[in-house]
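Work through the exercises below with the model open. Each task is followed by a stepwise solution.

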Amino acid sequence: MPPVGGYCFIRREEMTKGRLVVAIDGPAGAGKSTIARNVSKILDLEYIDTGAMYRALTLKVIKNQVDIQDKDDVLKLVQSTSIKFKNNKIYLDGVAVDKEIRRNIVSNNVSNVAKIKEVREQLVAMQRELAKDSSIIMDGRDIGTVVLPHADFKFF
């Protein structure tokens with residue numbers, strides 16, 4: 001349904017298999033997270049911050065003293081990593097890490113982890129799995145085109 005007066009109304013029958021998948025796509029600093037967080041509250045959706053997933057993995061790399069430049073060691077670590085979202089909190093291997101992933105050491109190193117193509121492929125697979133059975137709103141780069149091309153609603 002087209003937006004009316006700045007609002008987009010979502011009818012239950014528009015949902016896929018009883019769930020709703022919303023993708024918000026765009027560059028850093030565009031306001032994706034703010035919008036996604038607010039919409040998640042309004043529509044009672046789980047909010048998936050894909051950037052936080054890269055931060056969580058970076059935190060694990062740092063905690064495990066893995067050399068960020070050693071692609072093979074980083075890839076081994078990602079394969080034994082669980083990243084989940086519940087009640088708008090991020091869990092790394094079962095532990096909430098919302099505050100830890102915002103530390104400067106993580107911010108200063110996350111791009112080094114995210115630039116590894118195979119890491120991105122693994123996290124995209126995790127992101128798709130998170131969207132598979134739940135009603136979610138996910139934000140990040142390439143969410144509507146690469147990660148969730150069949151989302152019920154996409155905003156760019």
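**Exercise 1.** In this predicted model, determine the handedness and the angle class of the H2 and H6 packing.

Solution.
- Handedness: H2 passes H6 in a right-handed crossing.
- Geometry: H2 spans residues 50-63 and H6 spans residues 117-132. They pack at an angle of about 125°, and their axes are 11 Å apart.
- Class: angles of 65 to 115 degrees count as roughly perpendicular, and those over 145 as roughly antiparallel. The angle of about 125° therefore makes H2 oblique to H6.

**Exercise 2.** List the residues through which H2 and H6 meet, then sort them by character.

Solution.
- H2 side: Thr-50, Met-53, Tyr-54 and Leu-57.
- H6 side: Val-119, Arg-120, Leu-123, Met-126, Gln-127 and Leu-130.
- Sorting: the contact of H2 with H6 divides into seven nonpolar residues, two polar and one charged.

**Exercise 3.** Is Asp-49 buried or exposed, and which side chain makes a polar contact with its side chain?

Solution.
- Location: Asp-49 sits in strand E2, residues 46-49.
- Burial: the cut-off for buried is under 20% relative accessible area. Asp-49 has 10%, so Asp-49 is buried.
- Partner: the Asp-49 side chain makes a polar contact with the side chain of Arg-102, at 3.3 Å.
- Surroundings: leaving out residues up to four places away in sequence, Asp-49 touches Phe-85, Arg-102 and Asp-139.

**Exercise 4.** Classify the accessibility of Leu-43 and give the C-alpha separation of Leu-43 and Leu-20.

Solution.
- Location: Leu-43 belongs to helix H1, residues 32-43.
- Accessibility: its relative accessible area is 36%, so Leu-43 is partly exposed.
- Separation: Leu-43 and Leu-20 are 23 residues apart along the chain, with 9.5 Å between their C-alpha atoms.

Technical notes: Residues are numbered from 1 along each chain as its sequence is written. This is a predicted model: local features need pLDDT of at least 70, side-chain atom pairs count only at pLDDT 80 or more; totals for chains, interfaces and linings use all residues. Side-chain values use heavy atoms; hydrogens and water are left out. Axes are lines fitted to C-alpha atoms, for helices over the stretch in contact, and angles run from 0 to 180 degrees between N-to-C directions. Helices (H or I, at least four residues) and strands (E, at least two) are DSSP runs, numbered from the N terminus. Angles under 35 degrees count as roughly parallel, over 145 as roughly antiparallel, 65 to 115 as roughly perpendicular and the rest as oblique. A crossing is left-handed if the near helix is turned anticlockwise from the far one by less than a right angle, and right-handed if clockwise. Contact means heavy atoms within 4.5 Å. Ala, Val, Leu, Ile, Met, Phe, Trp, Tyr, Cys and Pro count as nonpolar, Asp, Glu, Lys and Arg as charged, and the others, Gly among them, as polar. Buried means under 20% relative accessible area, exposed over 50%, partly exposed in between (1.4 Å probe, protein chains only). A polar contact is a pair of N or O atoms within 3.5 Å; within protein, one must be able to donate a hydrogen and the other to accept it, and residues adjacent in sequence count only if both atoms are side-chain atoms.
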